[in-house]
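Take a look at the structure below. This report walks through some of its helices and loops.

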Amino acid sequence: MPAKGKRRRPKQNPITRKLALAGTGGAALTLPLISATTAGAVGTSAPAAAVTSVTAATAVNVAATPPTTYSVVAGDTLSEIAADHSLSGGWKQLYEANRAVVGDNPSVIRPGIKLKIVSQAKTATAATAASKTAAKPAASYPNNLDGWIRESLDVMAKHGIPGSYNGIHRNVMRESSGNPRAINLWDINARNGIPSKGLLQVIDPTFKAYHVPGTSLDSYDPVANITAACNYAAARYGSIDNVNGAY
């Protein structure tokens, strides 16, 4: 990173069967492929002749549930969440009810956002959904540059900080060659007593100003250093991806 006056101072197509993760650990909506002759409905509706009335025995297992919230985790899709909660309108119903938090692209939902769910759901299905959510393990990252970047991207996604793996990796290799203990002891910042540190060579005032909650307060910590630097780059340049030299 340079000295004075720089970073120191403080669709994809939604109609796809592939799971698309939003760069940084986001969850995506899985939609079926629509041909030129289909109506674009999600799933297959049962023929009218196959529809039967709900018997008393069936009704016992169906309960009108009050509005609930669901916290999105990595790997979720609107289609999957809608199915887990037996939403009659599928992902479209879920999206319309949560457009304000999801945004304009229903194919991308970010971990951590809370979705409002209003439906009639079978109690067994609700229990299955809760069990599934609880069973998802916490993400695990290797203790190396690849793992630090990926963990930072997940933190960034939760806080709406833009940036890509390649953009981070490119800048890390230029600034520190991937050494989390790197320190610059010769430039103007070093002479001023605030040397650049870590993977993305952040001085302490910048680190403190752009530190992201949930990461370490140690500026040498790889994930904290990357995340703070990307937060700074987003504020100054729009994204770390737009940084191609001293910043």
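## What counts as a contact

Contact means that heavy atoms lie within 4.5 Å. With that rule, S152 is in contact with V223, I226 and T227, leaving aside its neighbours within four places in sequence. Keep in mind that this is a predicted model.

## S152 in helix α6

S152 sits in helix α6. Is S152 buried or exposed? Its relative accessible area is 0%. Buried means under 20%, so S152 is buried.

One of its partners is far away along the chain. S152 and V223 are 71 residues apart in sequence. Their C-alpha atoms, though, are separated by 5.3 Å.

## Where α6 meets α10

Two packed helices are described by the angle between their axes and the distance between the axes. Start with helix α6 (residues 145-159) and helix α10 (residues 222-237). Their axes come within 9 Å. They cross at roughly 50°. That angle makes α6 oblique to α10. The crossing of α6 past α10 is right-handed.

Which residues make this contact? From α6 come W148, I149, E151, S152, V155 and M156. From α10 come P222, V223, I226, T227 and C230. Sorted by class, the residues of the contact of α6 with α10 are eight nonpolar, two polar and one charged.

## Where α6 meets α7

Helix α6 also crosses α7. The axes of α6 and α7 come within 10 Å. Their crossing angle is roughly 130°. Angles over 145 degrees count as roughly antiparallel and 65 to 115 as roughly perpendicular. The angle here fits neither range, so α6 is oblique to α7. Again the crossing is right-handed, with α6 passing α7.

On the α6 side, the residues are L145, D146, I149, R150, L153 and M156. They meet Y165, I168, H169, V172 and M173 in α7. What classes do the residues in the contact of α6 with α7 fall into? Eight are nonpolar, one is polar and two are charged.

## Two buried asparagines

N225 lies in helix α10. Its relative accessibility is 0%, so N225 counts as buried. What does the side chain of N225 reach? It reaches the backbone oxygen of K197, at 3.1 Å. Beyond its neighbours within four places in sequence, N225 is in contact with K197, G198, L199, L200, Q201, V202, F207 and S219.

N171 is found in helix α7, which covers residues 165-175. N171 counts as buried because its relative accessibility is 0%. Not counting residues up to four places away in sequence, N171 touches L200, I240, V243 and N244.

## The loop between α8 and α9

L200 appears in the contact list of N225. It also appears in that of N171. L200 lies in the loop between α8 and α9. With a relative accessible area of 0%, L200 is buried. How far apart are L200 and A229? They are 29 residues apart in sequence and 6.5 Å apart in space, C-alpha to C-alpha.

Q201 is in the loop between α8 and α9 as well. At 5% relative accessibility, Q201 counts as buried. Its phi is near 50°, a positive value in a residue other than glycine.

## Two further loop residues

S86 lies in the loop between α2 (78-84) and α3 (90-97). S86 is not a glycine, yet its phi is positive, at about 50°. Its relative accessibility is 29%, so S86 counts as partly exposed.

Now find L185, in the loop between α7 and α8 (188-191). Is L185 buried or exposed? Exposed means over 50%, and L185 has 65% relative accessibility, so L185 counts as exposed. Leaving aside its neighbours within four places in sequence, L185 is in contact with A190 and P195. L185 and P195 are ten residues apart along the chain, and their C-alpha atoms are separated by 6.1 Å.

Conventions: Residues numbered from 1 in each chain as written. Predicted model: local features only at pLDDT ≥ 70, side-chain atom pairs only at ≥ 80, totals over all residues. Heavy atoms only, no water. Axes fitted to C-alpha atoms, helices over the stretch in contact; angles between N-to-C directions. Helix = DSSP H or I, 4+ residues; strand = E, 2+ residues; numbered from the N terminus. Parallel < 35°, antiparallel > 145°, perpendicular 65-115°, else oblique. Left-handed = near helix turned anticlockwise from the far one by under 90°. Nonpolar A, V, L, I, M, F, W, Y, C, P; charged D, E, K, R; others polar. Buried < 20%, exposed > 50% of the residue type's maximum accessible area, 1.4 Å probe, protein only. Polar contact = N/O pair within 3.5 Å; in protein donor to acceptor, adjacent residues only side chain to side chain.
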